[in-house]
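Here are a few short exercises to help you find your way around a new structure. Try each task by eye before you read its solution.

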Amino acid sequence: GSARVLVTGGAGYIGSHACRALAEAGLLPIVYDNLVFGHEWAVKWGPLERGDIGDRDRLDAVIRQHRPEAVLHFAAFAYVGESVADPGRYYRNNVAGTLTLLEAMRDNGIPRMVFSSSCATYGIPRSLPITEATPQNPINPYGRSKLMVEQMLADFSRAHGIGWTALRYFNAAGACPQAGLGECHTPETHLIPLVLDAARGLREAVTICGTDYDTEDGTCVRDYVHVGDLAEAHVKALARLAGGGGSGAYNLGTNRGHSVRAVIAAVETATGRKVPVVEGPRREGDPAVLVADATRARTELGWTPRFTELARIIETAAEWHARMHA
Ligand code: UDP
């Protein structure tokens, strides 16, 4: 049979897209997910094994059954605000859970991991665009939990020879409606799905969190990268590690920044509807601008995002959103 890859969090937004990319590359994704945030309907390219990353016995059983040759590790809690209010939950799941997973990999001889890291590990960047050499100074427990895992990976690599790639996502966006995959968070806190909800009257309005930033239109600027492009990067990272490539971290973004107002305008164009907007205060811990320099992923992974236009990314999200609420 084809090579098997354990995908923790494979029932989630980015993980499910990665499973599809693995399948298209001829690999078999074994999804390991506790379904706290993931969706059973998003698992369609291989088996679903229910389990917690902190459950060593369950991990061992699944690994012994399927004998994966690598791990894609998406499983994590990812609400920044909640991480501030309840840091224990984030350190327990994201850090301690990953430690359990790494020990299981070590003891079962799984040699490679690709890890979902985040631009949140940079905090408020000193310079733009952000390269991998930009100092990592996360400003909330979520970002710190991701940085701590990167550090654990480096130590496990030195001590036990586990090869790793940390992919630092900027703002994951869009969907693959043709594959029946898209964004579906409860609660939803991300800008694009919230704006789509407002466009379709599923919520009264969208609140712009801060209009007094030092940016062109006063709203925060982010680098929105298509989830299918993120998925593709995982397959390339796995191939590089399998081919003997060294461990390291890569930014994944488009090198282009878009303001909150630009996102709202793009949703209005894509849906043909007016979006009711409320101007609100800043959200705590939001840097004004986060834009990736993803040159390293381009040169070392051979990764080129297919989606470079915000309008196209938002069209895929709008199509998925329309289908979900049809
Ligand atoms: N944002 C906003 N209103 C919302 C949600 C988000 O103005 O209801 C802004 C937020 O301040 C940030 C951008 O939209 O500048 C993207 O936020 P999101 O939560 O989608 O991703 P993040 O950048 O926090 O990872």
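**Exercise 1: The sheet**

Task: trace the open sheet of seven strands and give its strand order.

Solution. Step one is the order: the seven strands run β3-β2-β1-β4-β5-β6-β11, with parallel pairing. Strands here are DSSP E runs of at least two residues, helices are H or I runs of at least four, and both are numbered from the N terminus; two strands pair if DSSP finds at least two bridges between them.

Step two is the rim. β3 (48-50) and β11 (248-252) are the edge strands, each pairing on one side only. Neighbouring strands of this sheet are turned by 20° against each other on average, direction ignored (axes are lines fitted to C-alpha atoms, for helices over the stretch in contact, and angles run from 0 to 180 degrees between N-to-C directions).

A word on the model: it is predicted, so local features need pLDDT of at least 70 and side-chain atom pairs count only at pLDDT 80 or more, while totals for chains, interfaces and linings use all residues. Residues are numbered from 1 along each chain as its sequence is written, and side-chain values use heavy atoms, leaving out hydrogens and water.

**Exercise 2: A strand pair and a helix**

Task: find the bridge partner of H73 in β5, then see what α1 touches.

Solution. Start with β4 (residues 70-73) and β5 (residues 112-118), which pair in the parallel sense over three bridges. The partner of H73 is F115. Next, helix α1 (residues 13-24) packs on the sheet, touching β1 (4-8), β2 (28-33), β4 and β6 (163-169); contact means heavy atoms within 4.5 Å. The direction of α1 makes about 170° with that of β1.

**Exercise 3: Two domains**

Task: describe how domain 1 and domain 2 meet.

Solution. First, mark the bounds: domain 1 is 4-173 + 225-252 and domain 2 is 177-223 + 255-324, as given by an automatic or database domain assignment. Their centres, taken over C-alpha atoms, are 23 Å apart.

Second, look at the interface. 38 residues of domain 1 are in contact with 35 residues of domain 2. About 3200 Å² is buried between the domains, 65% of it from carbon and sulfur atoms (the accessible area, with a 1.4 Å probe, that two parts lose on being put together, summed over both). Y79, H226 and D229 supply 18% of the area that domain 1 buries against domain 2, more than any other three residues.

Third, count the salt bridges (a side-chain nitrogen of Lys or Arg within 4 Å of a carboxyl oxygen of Asp or Glu): there is one between the domains.
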